[in-house]
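This report describes a protein model through its buried charges, its sheets and the helices that pack on them. The sequence and structure are shown first.

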Amino acid sequence: VEQRKLIVDGITVNLALLQQLQRRPEPFEPGEAHFWDDPYIAEQMLAAHLDPQTDAAASRRPEVIDREAAWLIVSLSLRSGSTLIDLGCGPGLYAARFAQRGLAVTGIDYAQPAIAHARAYAERNALHINYLCQDFLAMDATDAFDAAILVNGDFCAMPPEQRERLLRNVHRALKPGGRFALDVFTREYHKYYGISNHWYVAEEGFWRPGRHLVLEEGFAYPKEDLYLNQYIVIESDGKVAVYRNWFQNYTPATITAELERNNFAVEHLGGDLRGSAFTPESEWIGVVARKVESVPPRRLIPPLA
């Protein structure tokens, strides 16, 4: 790479390399691998999860989680003693609420700081929750759970082959007739928040503990109904890392088709996981699906609410 350089507030930027990195990535082209379990970034993510003031950064506000947990217990037909697995459980905000209601809960996440926080909270509050620090794509349970949940759009961040693998894992892990609840983005979400395109220099921040430059850019892929948030992080010594957050957008028809291909019968489609009706303006789709052996071909999608 030709060494054309620029100094930005004391940070050396290789312009030729930067030009290469700003090209439009192919759909689901990876950036830094498994960056959510980077020790520093994982600690920042934990802090974002525990911030009670916002729905935007990581987890939803406590009052929203309370409503979702209550609605999910009813919609998943759960009762005291029912078994549930919380996929991508983070610091256990949902898992703790389910355990407090008498469910036998397993939480799984590969971010070590989040799992450590979840375990400590459970111990302090005498909650018997089985927390696993591992990637849920490697989950190998069979006929073990009455229900599974995957919240806050995590399903949308995975490329198609990983989503297929996850759905196979969940199908195998659920007992016959077990239910799976998840929420996914619609294109309205990114229409509302817009396409990011800005930069800033920080002395410390989410991505790094020391001085660094962050170049954030958004890419829309209308044909694939896909959106990318890309962050190029340049440290004071010129070291560069590229982080990519992918968002697969869905419609009621496309999420239904994907679940049915993997032997889940959709029982509910709403505007969230709190019981709201889906409308054309909804930024989210809340889904409850039931494990079946096969789904017959169909022409009509389930009711929206």
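## A buried glutamate

Glutamate 217 is buried yet takes part in no salt bridge; arginine 24, the nearest side chain of opposite charge, lies 8.2 Å away. Buried means under 20% relative accessible area, exposed over 50%, and partly exposed in between, with a 1.4 Å probe and protein chains only. A salt bridge requires a side-chain nitrogen of Lys or Arg within 4 Å of a carboxyl oxygen of Asp or Glu. For charge, Lys and Arg count as positive and Asp and Glu as negative, while His and the chain ends are not counted.

Glutamate 217 belongs to strand S9 (residues 212–221). Leaving out residues up to four places away in sequence, glutamate 217 touches Gln22, Ser196, Asn197, Leu228, Asn229 and Gln230; contact means heavy atoms within 4.5 Å.

## Basis and overall composition

The model is predicted: local features need pLDDT of at least 70 and side-chain atom pairs count only at pLDDT 80 or more, whereas totals for chains, interfaces and linings use all residues. Residues are numbered from 1 along each chain as its sequence is written, and side-chain values use heavy atoms, with hydrogens and water left out.

The protein contains eight helices and 13 strands. These are DSSP runs numbered from the N terminus, with helices being H or I of at least four residues and strands E of at least two. Of the 305 residues, 51% count as buried. Among contacts between residues at least 6 apart in sequence, 64% join residues at least 24 apart.

## The four-stranded sheet

Strand S9 is part of an open sheet of four strands in the order S8-S9-S10-S11, with antiparallel pairing. Its edge strands, each pairing on one side only, are S8 (197–202) and S11 (240–248). From one strand to the next the twist averages 15°. Two strands pair if DSSP finds at least two bridges between them.

Strand S10 (residues 226–235) pairs with S11 in the antiparallel sense over nine bridges. Tyrosine 227 stands opposite phenylalanine 247 of S11.

## The seven-stranded sheet

A second open sheet comprises seven strands in the order S5-S4-S3-S6-S7-S13-S12, and its pairing is mixed. The edges are S5 (129–133) and S12 (264–270), each of which pairs on one side only. The twist averages 20° from one strand to the next. Axes are lines fitted to C-alpha atoms, for helices over the stretch in contact, and angles run from 0 to 180 degrees between N-to-C directions.

At one edge, strand S4 (residues 104–109) pairs with S5 in the parallel sense over five bridges, and valine 105 has isoleucine 129 of S5 as its bridge partner. At the other edge, S12 and S13 are antiparallel over six bridges, with phenylalanine 264 opposite lysine 291 in S13. S12 is mostly covered, with six of its seven residues buried.

## Helices on the sheet

Helix H4 (residues 93–100) packs on the seven-stranded sheet, touching S3 (83–87), S4, S5 and S6 (145–150); its direction makes about 160° with that of S5. Because seven of its eight residues are buried, H4 is largely enclosed by the rest of the structure. These buried residues are Leu93, Tyr94, Ala95, Ala96, Arg97, Phe98 and Ala99. Glycine 102, which follows H4, has a positive phi near 90°.

Helix H6 (residues 160–173) lies across S3, S6, S7 (174–185), S12 and S13 (284–291), running at about 145° to S7. Within H6, asparagine 169 counts as buried because its relative accessibility is 6%. Its contacts, apart from neighbours within four places in sequence, are Phe136, Leu137, Ala138 and Met139. The C-alpha atoms of asparagine 169 and alanine 138 are 8.0 Å apart, although 31 residues separate the two along the chain.

## Aspartate 86 and the cysteines

Aspartate 86, located in strand S3, is also buried without a salt bridge; the nearest side chain of opposite charge is that of arginine 97, 9.3 Å away. Beyond residues up to four places away in sequence, aspartate 86 touches Tyr94, Ala95, Thr106, Gly107, Ile108 and Ile149.

The whole structure holds zero disulfides, a disulfide being a pair of cysteine sulfur atoms within 2.5 Å. The sulfur of cysteine 133 is too far for a bond because the closest cysteine sulfur, in cysteine 89, is 8.9 Å away. Cysteine 133 is partly exposed, with a relative accessible area of 37%, whereas cysteine 156 is buried at 0%.
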